Amino acid sequence: VCAAAAGGSVVADLVARYALHVDRRDLAALAGLFTDDAVLVLPDPPERMGPVLVHRGWEEIARVMSSLEVFPVTMHALAGQVFDPGPEPGTATGSVACTACHLSERDGTVVNLAWHLRYADIYRRQGGAWRIARRELHLEWIETRPVRRWRGDSR
């Protein structure tokens, strides 16, 4: 049974939980969304916008995701997603469009470093549930803009 036949909503929920757990910095819950042998491939911006940095397994994935701690707030907004049956039973593929906002302070001004990206995913059933087996992050473009007010603002 593929993700589409099993209900794309199950895989869509997996993708949404990834965004939620990243924004909450819940690395234990995030790790639970990946297969034991998962691979996360990230870009190295601004020089390399395509996926080039390979992280394998829960430990490495949690370690690289903890680097988001430098941002007081992130917001991953899912813009669209398409899921298809994978090449083998119990697998599926997905393309997920997302805008990832990262707030930080520069020279006394709060700025949003916005990544407009697409995830190229492979999902696999493991332990009776759909998990992310491979996720590649492809940056389409990056923009930086000032933020007028945010939840950490005491004004």
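Which elements each supply at least two residues of the lining of the largest pocket? In this predicted model, the contributors are four strands and one helix: β1 (34-44), β2 (48-56), β4 (91-106) and β5 (109-126), along with α3 (57-65). The pocket they help to line comes out at about 320 Å³. Its lining runs to 18 residues, and L42, V64, S67, L68 and W115 sit closest to the centre. Sorted by class, the lining is made up of 14 nonpolar and four polar residues, with no charged ones at all.

Next comes α3, one of the elements behind that lining. Here G57, I61, V64 and M65 are buried. These four share one side of the helix, because they span an arc of only 100° around its axis. That fits the usual helix geometry: with 3.6 residues a turn, residues three or four places apart point the same way. Flip to the other side of α3 and the picture changes, with E59 and R63 exposed. V64 thus turns up twice, as a buried residue of α3 and among the residues closest to the pocket centre.

As for the cysteines, the disulfide count is zero. C98 has its closest cysteine sulfur in C101, but the two sulfurs lie 8.5 Å apart, which is too far for a bond, given that a disulfide needs them within 2.5 Å. Seen from the other end, C101 is likewise in no disulfide, the sulfur of C98 being the nearest to its own. Both cysteines are tucked away: C98 counts as buried at 3% relative accessibility, and C101 is buried too, with a relative accessible area of 18%, the cut-off being under 20%.

Terms used: Residues numbered from 1 in each chain as written. Predicted model: local features only at pLDDT ≥ 70, side-chain atom pairs only at ≥ 80, totals over all residues. Heavy atoms only, no water. 1 Å grid on protein atoms, 1.4 Å probe; cavity = no way out; pocket = protein on both sides within 12 Å on 5 of 7 lines; lining within 4 Å. Points joined across faces, edges and corners; volume = space filled by probe spheres on them. Nonpolar A, V, L, I, M, F, W, Y, C, P; charged D, E, K, R; others polar. Buried < 20%, exposed > 50% of the residue type's maximum accessible area, 1.4 Å probe, protein only. Arc of directions from axis to C-beta.
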